[in-house]
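Welcome to this tour! Open your viewer, get your selection tool ready, and follow along one stop after another.

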Amino acid sequence: MGAHVLIAFSVLMQAATEAFLSGRISSGDSLRFSLLAFLGCTLLFLAVNRLGRAKNRRPARPSSGPGVWRLFAALNVASAVTFLGLYVALVWVPAAFAASLMAGVGPIAASTLARLSGEARPTAYWARSVGLFAASLVTAAAVQPSLLDTSSWQSGPAASTAGAVLALLAGIGATVLARLSRRLGERGIAPSFVMAHRFHLTYVLAALSLTSHQLAEPPRLDWAVTALVAFGGVVIPLYALQIGAQRTAATVTMALLAAQPGLAYLVQGALGYPITVQGTVAVVLLLLVATAVARAEHRLPADEAEPPVRRHPATRRSDAAGAPR
């Protein structure tokens, strides 16, 4: 139960962060936020990794084996696509809309990638994925007209389309993250080591983009506020998500993450954004479906919930999820 509480806490904190940033930030703010959030996350997990090695007297590096650094390179690319895509999308589209698209494409992308990789998936898993996808699309369609108000939003049709595309790419990137993290877990790479080395490309690209006047519009938030939101809204939630994800099936984690759009919508309403009856009904539907799927996946035997993991003999606690959001 504790693992689910940690994941729910992470989802709520990330939803609140996205709702707070939505409509308040420029592209310069988004890049500055990404720089502080993921550089901070990297430094935190480097420290956690070092403390863990000192306590357990483990080697400074894991036994890499063939191809492991190629996996880390791919993990860095997927992390950059996921997180930079999401936070730049928040410049142009509301958080609830972006999160709906991101969460909606995730289950379908996971099922598709598994099928392309030759992995057999139960019919019930596909049905649950389609159900979550449909609920997310209904939520996105319901919240878009209530939040994309041309009188209060500066983004036009082109910018809104770009934001939607970035949100979809972020969802696909999150799915790729989960698969790459699982492969690293199969090789016995410690979760703290993975988290310490998956964001290098993200914060480097954010820093380089901040030097471009074409990419970085003048920021609206000062450094102190940005740092506070980055630490409280990304670093701490990702750490909680990492701990919780290690203790539960990845399918349960992804189902709980699918509730994030609904929570973002409710937080936006609390912050003064307009909400509608149809939007609220859609959000309630999404929360109910996500909860039902999480409960169904949690009740499955371990060999049905996820394909078996080949444990590395050097560690008993492999990275089952690698914190995909």
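Before the first selection, here is a word we will use often: a residue is buried when its relative accessible area is under 20%, exposed when it is over 50%, and partly exposed in between (1.4 Å probe, protein chains only). Please keep in mind that this is a predicted model, where local features need pLDDT of at least 70 and side-chain atom pairs count only at pLDDT 80 or more, while totals for chains, interfaces and linings use all residues. Residues are numbered from 1 along each chain as its sequence is written, and side-chain values use heavy atoms, with hydrogens and water left out.

**Stop 1: the whole chain**

Show the protein chain as a cartoon. How many helices and strands are there? The chain has 13 helices and zero strands; both kinds of element are DSSP runs numbered from the N terminus, a helix (H or I) having at least four residues and a strand (E) at least two. Of the 325 residues in the chain, 50% are buried. Now switch on the surface: the accessible surface comes to about 14,600 Å², and 67% of it belongs to carbon and sulfur atoms. Accessible areas here come from the Shrake-Rupley method with a 1.4 Å probe, and for residues only the protein chains shown count as cover.

**Stop 2: helix 1**

Select residues 2-21, which make up helix 1. At 1.5 Å a residue, its 20 residues should span 28 Å, and the end C-alpha atoms are 29 Å apart, which agrees. (The expected span is 1.5 Å times one less than the number of residues.) Next, colour the buried residues of helix 1, including Ile7, Val11, Gln14, Glu18 and Leu21. An α-helix has 3.6 residues a turn, so residues three or four places apart point the same way. Just after helix 1, click on glycine 23, which takes a positive phi of about 80 degrees.

**Stop 3: the largest nonpolar core**

A nonpolar core is a set of buried Ala, Val, Leu, Ile, Met, Phe, Trp, Tyr and Cys residues joined through side-chain atoms within 4.5 Å. The largest one has 54 residues, and those with the most contacts inside it are Leu21, Phe33, Phe38, Phe72, Tyr87 and Leu184. Which helix gives the most to this core? Helix 3 (residues 68-92) does, with eleven residues. Apart from this core lies another, of eight residues, among them Leu132, Val252, Ala255 and Ala290.

Zoom in on phenylalanine 38, which sits in helix 2 (residues 27-56). Phenylalanine 38 counts as buried because its relative accessible area is 0%. Leaving aside neighbours within four places in sequence, its contacts (heavy atoms within 4.5 Å) include Phe83, Tyr87, Phe199 and Leu238. Then move to leucine 184: with the neighbours within four places set aside, leucine 184 is in contact with Val68, Leu71, Phe72, Leu75, Ile189 and Val194.

**Stop 4: serine 79**

Go back to helix 3 and pick serine 79. Is serine 79 buried or exposed? Serine 79 is buried, because its relative accessible area is 0%. Draw a distance line to leucine 177: the two are 98 residues apart in sequence, yet 6.8 Å apart in space, C-alpha to C-alpha. Not counting neighbours within four places in sequence, serine 79 is in contact with Leu84, Leu177, Arg198, Phe199 and Thr202.

**Stop 5: a patch on the surface**

Select Val77, Val81, Val165, Leu169 and Ile172, which form a nonpolar patch on the surface with about 370 Å² of accessible area together. Nonpolar patch residues have over 30% relative accessible area, no salt bridge (a side-chain nitrogen of Lys or Arg within 4 Å of a carboxyl oxygen of Asp or Glu), and nonpolar side chains (Val, Leu, Ile, Met, Phe, Trp, Tyr) joined within 5 Å. Helix 3 and helix 6 (157-186) each supply at least two residues, with the largest share, three residues, coming from helix 6. Isoleucine 172 is in helix 6 and counts as partly exposed, because its relative accessibility is 38%.

**Stop 6: a loop and helix 11**

Find alanine 258 in the loop between helix 10 (250-257) and helix 11. At 3% relative accessibility, alanine 258 counts as buried. Apart from residues up to four places away in sequence, alanine 258 touches Ala103, Leu132, Leu286 and Ala290. Finish just after helix 11 (residues 260-270), where glycine 272 takes a positive phi of about 105 degrees.

How values were computed. Patch = residues over 30% accessible without salt bridge, like charges linked within 9 Å, V, L, I, M, F, W, Y side chains within 5 Å.
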